[in-house]
Amino acid sequence: MKPLRIAMSPRQRWRRAIIFASFLLFPLTLTYFSPVVILQGAIKGAVTASAITFVALFFSGLVFGRGFCGWVCPGAGLQEPLAAVNPDAVTSQVAGKVKWMLWIPWLMAILTCYGLAVATNPAGLRLEPDFMMKAWVSIDRPMMFIPYFTVLALIVWQALALGRRGFCHSLCWMAPFLILGTRAGERLNLPRLRLAVETSGSGGCDGCSSCAACTRACPMSLPVADMAARGDMRHAECVLCGECADVCPRRVISLGFRASNANKP
Ligand code: SF4
Ligand code: SF4
Ligand code: SF4
């Protein structure tokens, strides 16, 4: 299904401007999201900037769900414009599994290295957020362009090969922290940023005309119209961008902080 092209809402203009600005700042922030620097730090017993970021992403999931993916991430700022080149929906079931198949051994390696560092060093771990950085900037020497362009190439490759935000579905090492944080927030029933749909007594959405504009607009290629029809807008890959709410002609979807998954009656 091709994405929808209609006039952009002010909220979406802001959102896209923010994620694109985040992408422009990526040369400065790369190390803060690095899956390699955290491993290098763990081997040396250092708690790096990316270790702190990944823990913070988990906790952000408790309150903001995957809002980081929708509103902050530099990878989002690079991928959403690429939907103009490959607007296909990501339908591969394998893509979502690959992400976890890579993430679990990677995390186990990091935890093992930190465990060994603690076991062999009586002083324990060192807090070193500027590990591998000079003056807190990621690209501080020409050779740092190598990891920078490697990450860009991975993101562009997946977005062009798979479709809309392909890298988010298939290879992103940060998404699992956010998904697990979101699930933990659900278990604890914490108030958080959520999508809601107007439902009738039967649980479905009477106001929905099944136009599928929301599904076509979703940058994560989710079956939003089906979710609305079911009256349950929860989805592990929903990045809470609000695109579906902003294109819905019946205004039955909304994005906001809510105490539970209770939809608007
Ligand atoms: S899934 Fe990963 S690359 Fe995509 S927006 Fe979220 S953190 Fe960024
Ligand atoms: S379901 Fe809506 S809020 Fe979630 S990713 Fe899709 S468009 Fe964004
Ligand atoms: S855009 Fe609104 S009316 Fe159309 S299918 Fe989605 S929820 Fe229903």
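The following dialogue explains how to read several features of this predicted model.

Reader: How should one describe two packed helices?

Author: Two packed helices are described by the angle between their axes and the distance between the axes. In this structure, α4 (49-64) and α10 (175-188) offer one case. The axes of α4 and α10 come within 6 Å and cross at roughly 35 degrees. The crossing of this pair, α4 and α10, is right-handed.

Reader: Which residues in α4 and α10 meet?

Author: On the α4 side they are Phe 54, Leu 57, Phe 58, Phe 59, Ser 60, Gly 61, Leu 62 and Val 63. On the α10 side they are Phe 177, Leu 178, Leu 180, Gly 181, Thr 182, Ala 184 and Gly 185. By class, the contact of α4 with α10 comprises 10 nonpolar, five polar and no charged residues.

Reader: At what angle do the axes of α6 and α8 cross?

Author: The axes of α6 and α8 (residues 145-162) cross at roughly 35 degrees and come within 10 Å. The crossing of α6 and α8 is right-handed. Here Gly 75, Leu 78, Gln 79 and Leu 82 of α6 meet Leu 152, Ile 155, Val 156, Ala 159 and Leu 160 of α8. The contact of α6 with α8 holds seven nonpolar, two polar and no charged residues.

Reader: How does one read the spacing of residues along a helix?

Author: An α-helix has 3.6 residues a turn, so residues three or four places apart point the same way. With that idea in mind, one may turn to α10. Helix α10 has 14 residues, and from its first C-alpha to its last it reaches 20 Å, close to the 20 Å expected at 1.5 Å a residue.

Reader: Which residues of α10 are buried, and which elements do the buried residues pack against?

Author: The buried residues of α10 are Ala 175, Pro 176, Phe 177, Leu 178, Ile 179, Gly 181, Thr 182 and Gly 185. They pack against α4, α5 (67-71), α7 (93-120), α9 and β3 (192-197). Just after α10, Asn 189 takes a positive phi of about 55 degrees.

Reader: Which residue other than glycine has a positive phi in the loop between β2 and α8, and is this residue buried or exposed?

Author: The residue is Ala 135, whose phi is near 55 degrees and which is found in the loop between β2 and α8. Ala 135 counts as exposed because it has 6 C-beta neighbours inside 10 Å. Lys 134 is also placed in the loop between β2 (126-127) and α8. Lys 134 counts as exposed because it has 10 C-beta neighbours inside 10 Å. The C-alpha atoms of Lys 134 and Leu 222 are 88 residues apart along the chain and separated by 41 Å.

Reader: Where does Ser 221 lie, and why is Ser 221 buried or exposed?

Author: Ser 221 lies in the loop between α11 and α12. Ser 221 is buried because 23 other C-beta atoms lie within 10 Å. Although Ser 221 is not a glycine, it has a positive phi of about 50 degrees.

Reader: What is Pro 35 in contact with, leaving aside its neighbours within four places in sequence?

Author: With those neighbours left aside, Pro 35 is in contact with Trp 106 and Trp 173. Pro 35 lies in the loop between α2 (26-29) and α3 (37-43). With 17 C-beta neighbours inside 10 Å, Pro 35 counts as partly exposed. From C-alpha to C-alpha, Pro 35 and Trp 103 are 9.8 Å apart in space, and they are 68 residues apart in sequence.

Reader: How may one read the surroundings of the ligands, and which residues surround ligand 1?

Author: One may ask which residues form the shell, and then what classes they belong to. Ligand 1 is surrounded by Cys 69, Cys 73, Gly 75, Ala 76, Phe 167, Cys 168, Cys 172, Met 174 and Ala 175. Both α6 (74-82) and α9 (166-170) supply at least two residues of this shell. By class, the shell around ligand 1 has eight nonpolar, one polar and no charged residues.

Reader: Which residues come nearest to ligand 2, and which are closest to ligand 3?

Author: Around ligand 2 there are 13 residues, of which Cys 218, Cys 238, Cys 241, Glu 243 and Cys 244 come nearest. The shell around ligand 2 has 11 nonpolar, one polar and one charged residues. Ligand 3 is surrounded by 15 residues, the closest being Cys 208, Cys 211, Cys 214, Ala 225 and Cys 248. Two or more residues of the shell around ligand 3 come from each of α11 (213-217) and α12 (224-230). Helix α12 gives the most to this shell, with three residues. By class, the shell around ligand 3 has 12 nonpolar, two polar and one charged residues.

Technical notes
Residues numbered from 1 in each chain as written. Chains lettered and ligands numbered in written order. Predicted model: local features only at pLDDT ≥ 70, side-chain atom pairs only at ≥ 80, totals over all residues. Near = placed C-beta within 6 Å. Nonpolar A, V, L, I, M, F, W, Y, C, P; charged D, E, K, R; others polar. Helix = DSSP H or I, 4+ residues; strand = E, 2+ residues; numbered from the N terminus. Axes fitted to C-alpha atoms, helices over the stretch in contact; angles between N-to-C directions. Left-handed = near helix turned anticlockwise from the far one by under 90°. Contact = placed C-beta atoms within 7 Å. Expected span 1.5 Å × (residues − 1). Buried ≥ 20, exposed ≤ 12 C-beta atoms within 10 Å, placed from the backbone.
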